[in-house]
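The following exercises ask the reader to work through one protein model step by step. Each task is followed by its solution.

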Amino acid sequence: MPIKNMNNLRCTLIGSGNVATHLGIALYDSGIDIVQVYSRKIANAKVLAKGVKAKAVSDLKKISANTDVFIIAVNDDAIASVVKKLNVKEGIVMHTSGSVSIDVLKKFEQYGVFYPLQTFSKAKQVVMSDVPVCVEGNDQHTLYSISNIASVISDFVYALDSDQRAVAHLAAVFANNFSNHLYHIADDLLKHKDLPFDLIRPLILETAIKVLDHSPAESQTGPAKRNDKKVIAKHLALLKKFPQYKKIYSDLTSAISSQRKK
(Lines give C-alpha, C1' and ligand atoms only; values in the text may rest on other atoms or scores of the structure.)
Protein backbone atom coordinates (compact mmCIF):
# COMPACT_ATOMS: atom_id res chain seq x y z
CA MET A 1 0.00 0.00 0.00
CA PRO A 2 1.27 3.52 -0.77
CA ILE A 3 2.23 5.75 2.13
CA LYS A 4 -0.32 8.54 2.43
CA ASN A 5 -0.12 9.51 6.10
CA MET A 6 3.22 10.88 7.32
CA ASN A 7 2.19 10.56 10.96
CA ASN A 8 4.27 7.93 12.76
CA LEU A 9 6.42 7.35 9.67
CA ARG A 10 9.71 5.71 10.66
CA CYS A 11 12.90 6.39 8.74
CA THR A 12 16.44 5.01 8.91
CA LEU A 13 19.32 7.03 7.51
CA ILE A 14 22.22 5.09 6.03
CA GLY A 15 24.99 7.66 5.92
CA SER A 16 26.00 10.65 8.03
CA GLY A 17 27.54 13.03 5.53
CA ASN A 18 26.30 16.31 4.09
CA VAL A 19 23.20 14.98 2.31
CA ALA A 20 22.21 12.63 5.14
CA THR A 21 22.60 15.42 7.68
CA HIS A 22 20.41 17.93 5.83
CA LEU A 23 17.79 15.35 4.90
CA GLY A 24 17.73 13.84 8.36
CA ILE A 25 17.25 17.16 10.11
CA ALA A 26 14.60 18.28 7.60
CA LEU A 27 12.64 15.04 7.97
CA TYR A 28 12.96 15.12 11.75
CA ASP A 29 11.82 18.75 11.91
CA SER A 30 8.81 17.77 9.77
CA GLY A 31 7.72 15.22 12.35
CA ILE A 32 9.12 12.04 10.83
CA ASP A 33 10.64 9.62 13.34
CA ILE A 34 14.31 8.90 12.60
CA VAL A 35 14.86 5.42 14.00
CA GLN A 36 18.57 4.92 13.30
CA VAL A 37 21.58 6.59 11.73
CA TYR A 38 24.22 4.34 10.22
CA SER A 39 27.83 5.21 9.48
CA ARG A 40 30.94 3.09 9.18
CA LYS A 41 32.41 5.37 11.84
CA ILE A 42 30.22 5.26 14.92
CA ALA A 43 31.40 8.71 16.02
CA ASN A 44 29.96 10.24 12.85
CA ALA A 45 26.70 8.34 13.27
CA LYS A 46 26.40 9.57 16.86
CA VAL A 47 26.73 13.23 15.86
CA LEU A 48 23.77 13.11 13.47
CA ALA A 49 21.81 10.66 15.61
CA LYS A 50 21.97 13.04 18.55
CA GLY A 51 20.48 15.83 16.47
CA VAL A 52 17.52 13.74 15.31
CA LYS A 53 17.06 11.67 18.49
CA ALA A 54 17.93 8.39 16.79
CA LYS A 55 20.11 5.41 17.61
CA ALA A 56 23.59 5.34 16.10
CA VAL A 57 24.87 2.12 14.53
CA SER A 58 27.99 1.16 12.60
CA ASP A 59 26.97 -2.34 11.50
CA LEU A 60 24.47 -2.79 8.65
CA LYS A 61 23.41 -6.08 10.22
CA LYS A 62 21.99 -4.06 13.12
CA ILE A 63 19.70 -1.98 10.92
CA SER A 64 16.22 -2.23 12.40
CA ALA A 65 13.49 -3.90 10.35
CA ASN A 66 10.99 -1.76 12.26
CA THR A 67 11.34 1.01 9.70
CA ASP A 68 9.09 2.25 6.88
CA VAL A 69 11.73 4.04 4.82
CA PHE A 70 15.47 3.43 4.40
CA ILE A 71 17.42 6.30 2.84
CA ILE A 72 20.87 5.40 1.51
CA ALA A 73 22.79 8.68 1.51
CA VAL A 74 26.37 7.62 0.89
CA ASN A 75 28.94 8.26 -1.85
CA ASP A 76 27.88 6.94 -5.25
CA ASP A 77 30.67 4.36 -5.31
CA ALA A 78 29.52 2.93 -1.97
CA ILE A 79 25.82 2.45 -2.82
CA ALA A 80 26.20 -1.01 -4.41
CA SER A 81 28.24 -2.25 -1.45
CA VAL A 82 25.63 -1.01 1.04
CA VAL A 83 22.83 -2.59 -0.99
CA LYS A 84 24.63 -5.92 -1.03
CA LYS A 85 24.94 -5.95 2.76
CA LEU A 86 21.54 -4.49 3.58
CA ASN A 87 18.97 -7.14 4.48
CA VAL A 88 15.56 -5.49 4.25
CA LYS A 89 12.35 -7.46 3.75
CA GLU A 90 9.80 -4.66 4.05
CA GLY A 91 9.75 -0.90 3.67
CA ILE A 92 10.91 1.38 0.88
CA VAL A 93 14.64 1.56 0.18
CA MET A 94 15.88 4.72 -1.57
CA HIS A 95 19.19 6.20 -2.55
CA THR A 96 19.92 9.92 -2.91
CA SER A 97 22.27 9.88 -5.90
CA GLY A 98 21.81 11.97 -9.01
CA SER A 99 23.81 9.69 -11.29
CA VAL A 100 23.21 6.12 -10.05
CA SER A 101 20.38 4.18 -11.69
CA ILE A 102 17.39 2.97 -9.70
CA ASP A 103 18.30 -0.57 -10.83
CA VAL A 104 21.03 -0.82 -8.19
CA LEU A 105 18.19 -1.34 -5.69
CA LYS A 106 16.24 -4.01 -7.57
CA LYS A 107 16.89 -6.72 -4.97
CA PHE A 108 14.30 -5.01 -2.76
CA GLU A 109 10.54 -5.28 -3.17
CA GLN A 110 9.90 -1.53 -2.94
CA TYR A 111 12.63 0.88 -3.96
CA GLY A 112 13.29 4.25 -5.50
CA VAL A 113 15.29 7.46 -5.59
CA PHE A 114 15.12 10.57 -3.42
CA TYR A 115 17.58 13.01 -5.01
CA PRO A 116 17.73 16.55 -3.58
CA LEU A 117 19.23 18.70 -6.33
CA GLN A 118 21.33 21.05 -4.25
CA THR A 119 24.88 21.43 -2.95
CA PHE A 120 25.15 20.68 0.77
CA SER A 121 27.69 21.41 3.48
CA LYS A 122 27.11 20.57 7.11
CA ALA A 123 28.11 24.06 8.26
CA LYS A 124 25.82 25.87 5.81
CA GLN A 125 22.08 25.93 6.41
CA VAL A 126 19.79 25.31 3.45
CA VAL A 127 16.09 26.11 3.16
CA MET A 128 14.96 22.61 2.27
CA SER A 129 11.50 23.75 1.16
CA ASP A 130 13.23 25.51 -1.76
CA VAL A 131 15.31 22.49 -2.77
CA PRO A 132 14.00 20.50 -5.77
CA VAL A 133 13.68 16.81 -4.93
CA CYS A 134 13.78 14.40 -7.88
CA VAL A 135 11.94 11.16 -7.15
CA GLU A 136 11.58 7.79 -8.82
CA GLY A 137 9.89 4.56 -7.81
CA ASN A 138 9.93 0.99 -9.07
CA ASP A 139 6.14 1.14 -9.44
CA GLN A 140 3.39 3.76 -9.22
CA HIS A 141 2.49 2.98 -5.60
CA THR A 142 6.10 3.38 -4.51
CA LEU A 143 6.52 6.57 -6.54
CA TYR A 144 3.39 7.97 -4.91
CA SER A 145 4.77 7.19 -1.44
CA ILE A 146 8.18 8.69 -2.17
CA SER A 147 6.56 11.80 -3.65
CA ASN A 148 4.48 12.22 -0.50
CA ILE A 149 7.57 11.96 1.69
CA ALA A 150 9.44 14.46 -0.48
CA SER A 151 6.53 16.93 -0.33
CA VAL A 152 6.85 17.00 3.45
CA ILE A 153 10.20 18.80 3.19
CA SER A 154 10.15 20.36 -0.29
CA ASP A 155 7.74 22.52 -2.29
CA PHE A 156 9.33 21.32 -5.53
CA VAL A 157 9.02 17.60 -6.23
CA TYR A 158 9.80 16.24 -9.70
CA ALA A 159 9.20 12.68 -10.92
CA LEU A 160 12.21 11.85 -13.12
CA ASP A 161 13.33 8.50 -14.48
CA SER A 162 16.97 7.48 -14.16
CA ASP A 163 17.94 8.83 -17.60
CA GLN A 164 16.34 12.21 -16.91
CA ARG A 165 17.92 12.37 -13.47
CA ALA A 166 21.37 11.60 -14.92
CA VAL A 167 21.03 14.59 -17.26
CA ALA A 168 19.80 16.78 -14.40
CA HIS A 169 22.86 15.75 -12.39
CA LEU A 170 25.15 16.48 -15.34
CA ALA A 171 23.59 19.93 -15.71
CA ALA A 172 24.08 20.50 -11.99
CA VAL A 173 27.79 19.64 -12.28
CA PHE A 174 28.19 22.27 -15.00
CA ALA A 175 26.17 24.87 -13.09
CA ASN A 176 27.66 24.25 -9.66
CA ASN A 177 30.89 22.25 -9.58
CA PHE A 178 32.42 23.69 -12.73
CA SER A 179 31.34 27.25 -12.00
CA ASN A 180 32.81 26.94 -8.51
CA HIS A 181 36.11 25.81 -10.04
CA LEU A 182 36.04 28.92 -12.20
CA TYR A 183 35.62 30.95 -9.00
CA HIS A 184 38.73 29.18 -7.71
CA ILE A 185 40.64 30.16 -10.86
CA ALA A 186 39.48 33.76 -10.49
CA ASP A 187 40.57 33.74 -6.85
CA ASP A 188 43.99 32.34 -7.78
CA LEU A 189 44.52 34.98 -10.46
CA LEU A 190 43.53 37.77 -8.07
CA LYS A 191 45.89 36.48 -5.39
CA HIS A 192 48.83 36.72 -7.78
CA LYS A 193 48.32 40.48 -7.78
CA ASP A 194 47.41 40.71 -4.08
CA LEU A 195 43.78 41.41 -4.90
CA PRO A 196 40.90 40.22 -2.68
CA PHE A 197 38.19 37.85 -3.87
CA ASP A 198 35.70 40.33 -2.40
CA LEU A 199 36.39 42.42 -5.48
CA ILE A 200 34.25 40.10 -7.64
CA ARG A 201 31.69 38.81 -5.12
CA PRO A 202 29.09 41.43 -6.22
CA LEU A 203 29.63 40.35 -9.84
CA ILE A 204 29.07 36.70 -8.94
CA LEU A 205 25.90 37.58 -7.06
CA GLU A 206 24.51 39.74 -9.88
CA THR A 207 25.25 36.99 -12.42
CA ALA A 208 23.33 34.47 -10.32
CA ILE A 209 20.40 36.83 -9.76
CA LYS A 210 20.17 37.71 -13.45
CA VAL A 211 19.84 34.10 -14.57
CA LEU A 212 16.87 33.63 -12.22
CA ASP A 213 14.77 35.90 -14.45
CA HIS A 214 16.42 35.45 -17.84
CA SER A 215 17.76 32.53 -19.84
CA PRO A 216 21.53 31.90 -19.73
CA ALA A 217 21.74 32.74 -23.44
CA GLU A 218 20.09 36.11 -22.84
CA SER A 219 22.32 36.81 -19.85
CA GLN A 220 25.62 36.08 -21.60
CA THR A 221 27.99 39.05 -21.83
CA GLY A 222 31.75 39.53 -22.17
CA PRO A 223 34.46 39.68 -24.86
CA ALA A 224 33.60 36.29 -26.40
CA LYS A 225 29.95 37.30 -26.75
CA ARG A 226 31.01 40.61 -28.36
CA ASN A 227 33.75 38.98 -30.44
CA ASP A 228 36.20 41.50 -28.96
CA LYS A 229 39.39 40.00 -30.37
CA LYS A 230 41.73 42.59 -28.86
CA VAL A 231 40.53 41.94 -25.32
CA ILE A 232 40.65 38.18 -25.85
CA ALA A 233 44.22 38.42 -27.14
CA LYS A 234 45.22 40.52 -24.12
CA HIS A 235 43.69 38.00 -21.73
CA LEU A 236 45.51 35.14 -23.42
CA ALA A 237 48.77 37.06 -23.09
CA LEU A 238 48.14 37.57 -19.37
CA LEU A 239 47.55 33.83 -19.03
CA LYS A 240 50.92 32.75 -20.47
CA LYS A 241 52.14 32.07 -16.94
CA PHE A 242 49.04 29.96 -16.29
CA PRO A 243 48.87 27.44 -19.17
CA GLN A 244 46.25 25.31 -17.42
CA TYR A 245 43.97 28.34 -17.13
CA LYS A 246 44.79 29.55 -20.62
CA LYS A 247 43.38 26.36 -22.14
CA ILE A 248 40.17 26.69 -20.13
CA TYR A 249 39.85 30.33 -21.20
CA SER A 250 40.36 29.40 -24.86
CA ASP A 251 37.89 26.51 -24.74
CA LEU A 252 35.19 28.56 -23.07
CA THR A 253 35.77 31.51 -25.39
CA SER A 254 35.38 29.22 -28.39
CA ALA A 255 32.21 27.70 -26.96
CA ILE A 256 30.65 31.11 -26.31
CA SER A 257 31.69 32.35 -29.76
CA SER A 258 30.11 29.30 -31.37
CA GLN A 259 26.89 29.93 -29.49
CA ARG A 260 26.92 33.54 -30.66
CA LYS A 261 27.07 32.44 -34.31
CA LYS A 262 23.96 30.25 -34.05
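**Exercise 1.** In which helix does phenylalanine 178 lie, and is this residue buried, partly exposed or exposed?

*Solution.* The model is predicted. Step 1: phenylalanine 178 is placed in helix 5, which covers residues 162-191. Step 2: its relative accessible area is 40%. A residue counts as buried under 20% and as exposed over 50%, so phenylalanine 178 is partly exposed. Step 3: together with Leu170 and Phe174, Phe178 makes a nonpolar surface patch of about 320 Å².

**Exercise 2.** Determine how strand 1 is paired with strand 2 and with strand 4.

*Solution.* Step 1: strand 1 (residues 10-14) joins strand 2 (residues 33-38) through five bridges, and the two run parallel. One example is threonine 12, whose bridge partner in strand 2 is glutamine 36. Step 2: between these two strands the chain passes through helix 1 (residues 18-29), in a right-handed β-α-β crossover. Step 3: strand 1 also pairs with strand 4 (residues 69-72), again in the parallel sense, over four bridges. Here isoleucine 14 has isoleucine 72 as its bridge partner. Step 4: four of the five residues of strand 1 are buried, so this strand is largely enclosed by the rest of the structure.

**Exercise 3.** Describe the largest nonpolar core and state which element supplies the largest share of it.

*Solution.* Step 1: the largest nonpolar core has 32 residues, and Val37 and Phe114 have the most contacts inside it. Step 2: the elements that each supply at least two residues include strand 1, helix 1, strand 2 and strand 7. Step 3: the largest share, five residues, comes from helix 4.

**Exercise 4.** Which parts of the chain are tied together by the salt bridge of arginine 10 and aspartate 68, and which are linked by the pair of glutamate 136 and arginine 165?

*Solution.* Step 1: the whole structure contains five salt bridges. Step 2: in one of them, the side chains of arginine 10 and aspartate 68 meet at 2.9 Å, N to O. Arginine 10 belongs to strand 1 and aspartate 68 to the loop between strand 3 and strand 4, so the pair ties together parts 58 residues apart in sequence. Step 3: glutamate 136 and arginine 165 also meet in a salt bridge, at 2.9 Å, N to O. This pair links strand 7, which holds glutamate 136, to helix 5, which holds arginine 165, 29 residues apart. Step 4: glutamate 136 is buried, with a relative accessible area of 11%; arginine 165 is buried as well, at 1%.

Key. Residues numbered from 1 in each chain as written. Predicted model: local features only at pLDDT ≥ 70, side-chain atom pairs only at ≥ 80, totals over all residues. Heavy atoms only, no water. Patch = residues over 30% accessible without salt bridge, like charges linked within 9 Å, V, L, I, M, F, W, Y side chains within 5 Å. Areas by Shrake-Rupley, 256 points an atom, 1.4 Å probe, with all protein chains shown as cover. Salt bridge = Lys/Arg side-chain N within 4 Å of Asp/Glu carboxyl O. Buried < 20%, exposed > 50% of the residue type's maximum accessible area, 1.4 Å probe, protein only. Pairing = 2+ DSSP bridges. Right-handed = clockwise from strand over helix to strand, strands pointing away. Core = buried A, V, L, I, M, F, W, Y, C linked by side-chain atoms within 4.5 Å.
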